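This report goes through one protein chain, starting with a pocket and moving on to charged pairs and single residues. Please keep the structure open while reading.

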Amino acid sequence: THTHTHTQTNLYCLKSRLLICIKNEDLKEMLESNKESLKLEAMKRVVGLIAKGKNASELFPAVVKNVASKNIELKKLVYVYLVRYAEEQQDLALLSISTFQRALKDPNQFIRASALRVLSSIRVPIIVPIMMLAIKEAAADLSPYVRKTSAHAIQKLFSLDPDQKEQLIEVIEKLLKDKSTLVAGSVVMAFEEVCPDRIDLIHKNYRKLCNLLVDVEEWGQVVIISMLTRYARTQFTSPWKENNEKTFYDSDSEEKKGQIEAKPYIMDPDHRLLLRNTKPLLQSRNTAVVMSVAQLYWHLAPKHEVSIVTKSLVRLLRSHREVQYIVLQNIATMSIQRKGMFEPFMKSFYVRSTDATHIKTLKLEILTNLANEANISTILREFQTYVKSQDKAFAAATIQAIGRCATNISEVTDTCLNGLVLLLSNRDETVVAESVVVIKKLLQTQPTQHSEIIKHMAKLFDNITVPMARASILWLMGEYCERVPKIAPDVLRKMAKTFTIEEDIVKLQTVNLAAKLYLTNSKQTKLLTQYILNLGKYDQNYDIRDRTRFIRQLIVPSEKNGALNKYARRILLAPKPAPVLESAFKDRDRYQLGTLSHSLNIKATGYQELSDWPAVAPDQSVRNVEVIEPVRNLPSSHTSSYLLALANITMISSIFPMDFYLGFRPKGISTVHSDPSLNIKSNSPVKLAVFILNEI
């Protein structure tokens, strides 16, 4: 049966390959035919194959022949294909390079842009000079679409030949002055790739970028906001300073107190411009834009203004699971420092049954961060439901969260501890194991008050099978063996029987328990300890063998180690600091919100750190731009004539067709006026009106 199935699979693969070959031959014939319609149909099918992820590289020679076609629709499709395969078929693409160069002069802006895109996709160092020339010409093109494409080509050329950096910076500097919203996002992306440290290029364009931001396409907005966040941190002073801040020495001197006072913080108008112009983008439909504005406010805005991003971030939680994950990660970091921001929206972070485990865990993290004396009872009731979840990983995370709440809010410590003790009788091993681990950490904070809980855990020891939980109970027995003098030796006796079949972590804690009992109760446990140390001496794990050898030399007195033996109690039974249960997101604020590094909690390649606020703001005049506008003074005697003419033209344009104006064309105006902006034959009466008004 297996051989028959294997043969069928092979036949199916051969059949598929044959069909692909036949299909490719048909497409080649269509591409090489003399009919434009057949070629166009073939190219549509080829692009369709690429869109489906199929390999169409075999058709490259047949496709590239049509690059010089006069049919614009066909030409566009050919360029789409070439952009995809030019890097793989470099030799064949190089043969058509003269065609691409001619296409750079094509009257159609899309053809010019496509030609540049293909040219920059050919990754061959020999054509770098040609690419550079093409980029410089495209940067000066009348079409903003072509200029945008040139900005994209800059990044490709820089990755191919970094030595061209200085020339590319000149092009970037020129494109940064572009007033088109289509170009802005692309050129800032090129700036970030090629020369992110050249802040001086941004000074003169800062206000323009702030004002254009609302009209730039969405992904351009994300790039610009990210760049402006870094820029603002280098050019403005911190808005987080307190107005009544005084130095230490000023507070001691009454004379200086009246003379020297901390200057009240006054926000730079350009700083305010950035915050004001990004605020409307919190209503964007694009989640990346909203997240970018949120991180900008978090890193740049005064503390009392940051809360305006809260509603927008909560709104994003209705989005897809992937978006929720990133947004919740950022909220988790923000909620550690500013609980008040998200406390009114606490119900938005309640876990739903349809949520994935990683989403549930993040919501749990946020709820734990938001917990305080006022809302802890509500949160603990919610946690009681989560502990019963069928999702074992989530139930375990909930128990850890209860432990954190108990540590952070002293009023509920006993309540949480009693609740966790009740969970020790749960049927689910995972819940019991996690409860033991958390109880162990909580008991370290106040062990004298909870000897009954330690006894209760000892009774449950035989029923617990999870290694980490067994090891935690053994550690508690050893650490507080003097508080349970009758139970601890019995637990050691049981462990001596099962020592050889236990997990390594349990064996290590058994050795520790034996050593501590030997020091505190040697009469009952001396022989047991020697037996366990002998078992550990020949264990397969070298960690256990080393630990056993160390413990034997430390606690068993001999001539060689007499000096060390004196300090055995101080070494093994020293008071240990209670563990601090902290959020996993505590350290993530060192990374910029919304970045890959923040998401992974590791510095990713290409990550640029936000600089600290400068103590003194740099000169703000560097952002001033001289604007020279031609002023045309209209004589007062002509004002009434100007307005009358405008009113008459507006009225006439709503009544008569265009032919009427062509019949009454002023003398000297040809069908196509010498001014290219005024084509009377092809444009609306408005342009004729403009001409008449200018003549007046």
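## The largest pocket

Lining the largest pocket are 27 residues, and those nearest its centre are Val 222, Ser 226, Gly 594, Thr 595 and Leu 596. The model is a predicted one. The volume of the largest pocket is about 730 Å³.

Several helices contribute to the lining. At least two residues each come from α11 (181-194), α14 (218-235), α18 (287-300), α20 (321-337) and α35 (596-600). Helix α18 gives the largest share of the lining, with five residues. By residue type, the lining of the largest pocket holds 13 nonpolar, 11 polar and three charged residues.

## Salt bridges

The model has 24 salt bridges. Three of them are set out in the table, with the distance between the N and O atoms of each pair.

| Basic residue | Acidic residue | N to O distance |
|---|---|---|
| Arg 404 | Glu 365 | 3.1 Å |
| Arg 569 | Glu 482 | 3.5 Å |
| Lys 507 | Asp 539 | 2.8 Å |

The salt bridge between Arg 404 and Glu 365 has its closest N and O atoms 3.1 Å apart. Arg 404 belongs to helix α24 (residues 392-408) and Glu 365 to helix α22 (residues 357-370), so this pair ties together parts that are 39 residues apart in sequence. Are these two side chains buried or exposed? Arg 404 has a relative accessible area of 9% and is therefore buried. Glu 365, at 12% relative accessibility, also counts as buried, because the cut-off for a buried residue is under 20%.

Arg 569 and Glu 482 meet through their side chains in a salt bridge of 3.5 Å, N to O. This pair links distant parts of the chain, 87 residues apart: Arg 569 is in helix α34, and Glu 482 is in the loop between α28 (467-479) and α29 (487-498). Arg 569 is partly exposed, with 40% relative accessible area. Glu 482 is exposed, with a value of 57%.

In the salt bridge between Asp 539 and Lys 507, the closest N and O atoms are 2.8 Å apart. Here too the pair links distant parts of the chain, 32 residues apart: Lys 507 is in helix α30 (residues 504-520), while Asp 539 is in the loop between α31 (522-537) and α32 (542-555). Asp 539 is buried, with a relative accessible area of 9%. Lys 507 counts as buried at 7% relative accessibility.

Which residues are joined into one network by salt bridges that share partners? They are Arg 207, Asp 268, Asp 270 and Arg 623.

## A nonpolar surface patch

On the surface, Leu 564, Tyr 567 and Ile 571 make up a nonpolar patch, and their accessible area together is about 270 Å². Ile 571 sits in helix α34 (residues 568-572), the helix that also holds Arg 569. The relative accessible area of Ile 571 is 43%, so Ile 571 is partly exposed. That value fits its place in the patch, because patches are made of residues with over 30% relative accessible area.

## Contacts between separate parts of the chain

Some residues that are separated in sequence have their C-alpha atoms a few ångströms apart; each distance is given below.

Leu 74 is part of helix α4 (residues 72-85). Its relative accessible area is 0%, and Leu 74 is therefore buried. Leu 74 and Lys 44 lie 30 residues apart in sequence, with 8.7 Å between their C-alpha atoms.

Ser 121 is in helix α7 (residues 109-121). At 7% relative accessibility, Ser 121 is buried. The C-alpha atoms of Ser 121 and Arg 84 are 8.3 Å apart, and the two residues are 37 residues apart along the chain.

Ala 393 is found in helix α24, the helix that also holds Arg 404. Ala 393 is partly exposed, with a relative accessible area of 48%. From Ala 393 to Thr 357 the C-alpha distance is 7.5 Å, and the separation in sequence is 36 residues.

## A backbone angle

Where does Asn 601 lie? Asn 601 is in the loop between α35 and α36 (636-653). The phi angle of Asn 601 is near 60°, which is a positive value in a residue other than glycine. Asn 601 counts as partly exposed, at 24% relative accessibility.

Conventions: Residues numbered from 1 in each chain as written. Predicted model: local features only at pLDDT ≥ 70, side-chain atom pairs only at ≥ 80, totals over all residues. Heavy atoms only, no water. 1 Å grid on protein atoms, 1.4 Å probe; cavity = no way out; pocket = protein on both sides within 12 Å on 5 of 7 lines; lining within 4 Å. Points joined across faces, edges and corners; volume = space filled by probe spheres on them. Helix = DSSP H or I, 4+ residues; strand = E, 2+ residues; numbered from the N terminus. Nonpolar A, V, L, I, M, F, W, Y, C, P; charged D, E, K, R; others polar. Patch = residues over 30% accessible without salt bridge, like charges linked within 9 Å, V, L, I, M, F, W, Y side chains within 5 Å. Areas by Shrake-Rupley, 256 points an atom, 1.4 Å probe, with all protein chains shown as cover. Salt bridge = Lys/Arg side-chain N within 4 Å of Asp/Glu carboxyl O. Buried < 20%, exposed > 50% of the residue type's maximum accessible area, 1.4 Å probe, protein only.
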